Amino acid sequence: MSDPMRGPVVVHHRAEGPPAGEVVVLSGSLGSDLRMWEPQVEPLVAAGFRVVRYDHRGHGGSPAPPGPYSIAELGGDLLALLDRIGAGRAHLVGVSLGGMTGMWLAAHAPARVSSLALCCTSACLGPPRMWAERAATVRADGTGAVAEAVVGRWVTEAHARADPGLVAFLRELVAATPAEGYASCCAAIERMDLRPELRAITAPTLVIAGEQDQATPPEHGELIAREVPGARLERVPGAAHLGNLDRPDRFTELIVEHVKGASQP
Ligand SMILES: O=C(O)CC1=CCC(=O)O1
């Protein structure tokens, strides 16, 4: 089991944009690294924001301590990152696991969150057995063993056919994720139930659901938007699970508009 006495991990991050700009933190999906945010960085920087993207523990350039992990630990890592970069408050944008981390932080440290954009995510994503089985597969055979199936849910079939280079890059992202980090994040999702915490979120919240998302179908976004006070839901046609890469035009537009609307005049 994860040890509650373990401290936060110093996660790998990259900061771009004007140092004095309001901070926007981009938090990614299971099996990705900070490169998954490429389409969103430049438009957010152009809008005057300091954009900080990072790798979850066990992913990309971040350390991969032995697991299992919990969503609270991932949220603690993000809080420690905000402290380390001197960000009293930040706008949080998360896809899937990044959205789960964002919901945890917004419920547990509301004073640190200026706004929340929750993309293709869920507050409770069963069945638990599926996550336990995926973790076991990855521990036995490596992340490469699940890459094709996972990426098959990240972009629509039509998009995959039209852009095989993107599919190859995404499979490489999954396969490059350390097995211990990936499996330990599966365990975090397996044990997660953020539903009772959603009503504690006070940040202006936008929920974006992909209409073709088979991993976190739109009902998951609908539940979050119902429970978070004042939240707004946008459904994006033609978007699979990694909506920010599958329909970057619409996701970027929605994210930039939301963060600008919640920023200081
Ligand atoms: O990997 C999946 O199947 C879907 C998913 C859950 C959390 C995440 O980041 O991706």
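This text walks through a predicted model, starting with its sheet, then turning to the ligand and to one loop residue.

The sheet is open and has 7 strands, arranged in the order β1-β3-β2-β4-β5-β6-β7 with mixed pairing. Its edges are β1, residues 13–16, and β7, residues 232–236, and each of these two strands pairs on one side only. From one strand to the next, the twist averages 15 degrees.

At the β1 end, the partner strand is β3, which spans residues 50–54. β1 and β3 pair in the antiparallel sense, over 4 bridges. Within this pair, R14 stands opposite R53 of β3. Helix α3, residues 97–108, packs on the sheet and touches β2, β3, β4 and β5. The direction of α3 makes about 145 degrees with that of β4, the strand of residues 90–95.

On to β2, which comes between β3 and β4 in the strand order. β2 and β3 run parallel and are joined by 5 bridges. R53 appears again here, as the bridge partner of L26. How much of β2 is buried? Of its 5 residues, 5 are buried, and the strand is mostly covered. The cover lies on both faces: V23, V25 and S27 are buried on one side, and V24 and L26 are buried on the other.

The model also holds a ligand. Around the ligand are S29, L30, S96, L97, M100, L125, W131, R134, R153, I189, A215 and H241. Three of the contacts with ligand oxygen atoms can be followed one by one. For L97, the contact comes from the backbone: an N or O atom there lies 3.0 Å from an oxygen atom of the ligand. For R153, an N or O atom in the side chain is 3.3 Å from an oxygen atom of the ligand. For H241, a polar side-chain atom lies 3.2 Å from an oxygen atom of the ligand. On its own, the ligand has 290 Å² of accessible area, and the protein covers 98% of this.

The last stop is T156, in the loop between α5, residues 144–154, and α6, residues 157–162. Is T156 buried or exposed? T156 counts as buried because its relative accessibility is 18%, and the cut-off for buried is under 20%. Leaving aside residues up to four places away in sequence, T156 touches Q212, G238, A240 and D246.

Terms used. Residues numbered from 1 in each chain as written. Predicted model: local features only at pLDDT ≥ 70, side-chain atom pairs only at ≥ 80, totals over all residues. Heavy atoms only, no water. Buried < 20%, exposed > 50% of the residue type's maximum accessible area, 1.4 Å probe, protein only. Contact = heavy atoms within 4.5 Å. Pairing = 2+ DSSP bridges. Axes fitted to C-alpha atoms, helices over the stretch in contact; angles between N-to-C directions. Near = heavy atom within 4 Å. Polar contact = N/O pair within 3.5 Å; in protein donor to acceptor, adjacent residues only side chain to side chain. Areas by Shrake-Rupley, 256 points an atom, 1.4 Å probe, with all protein chains shown as cover.
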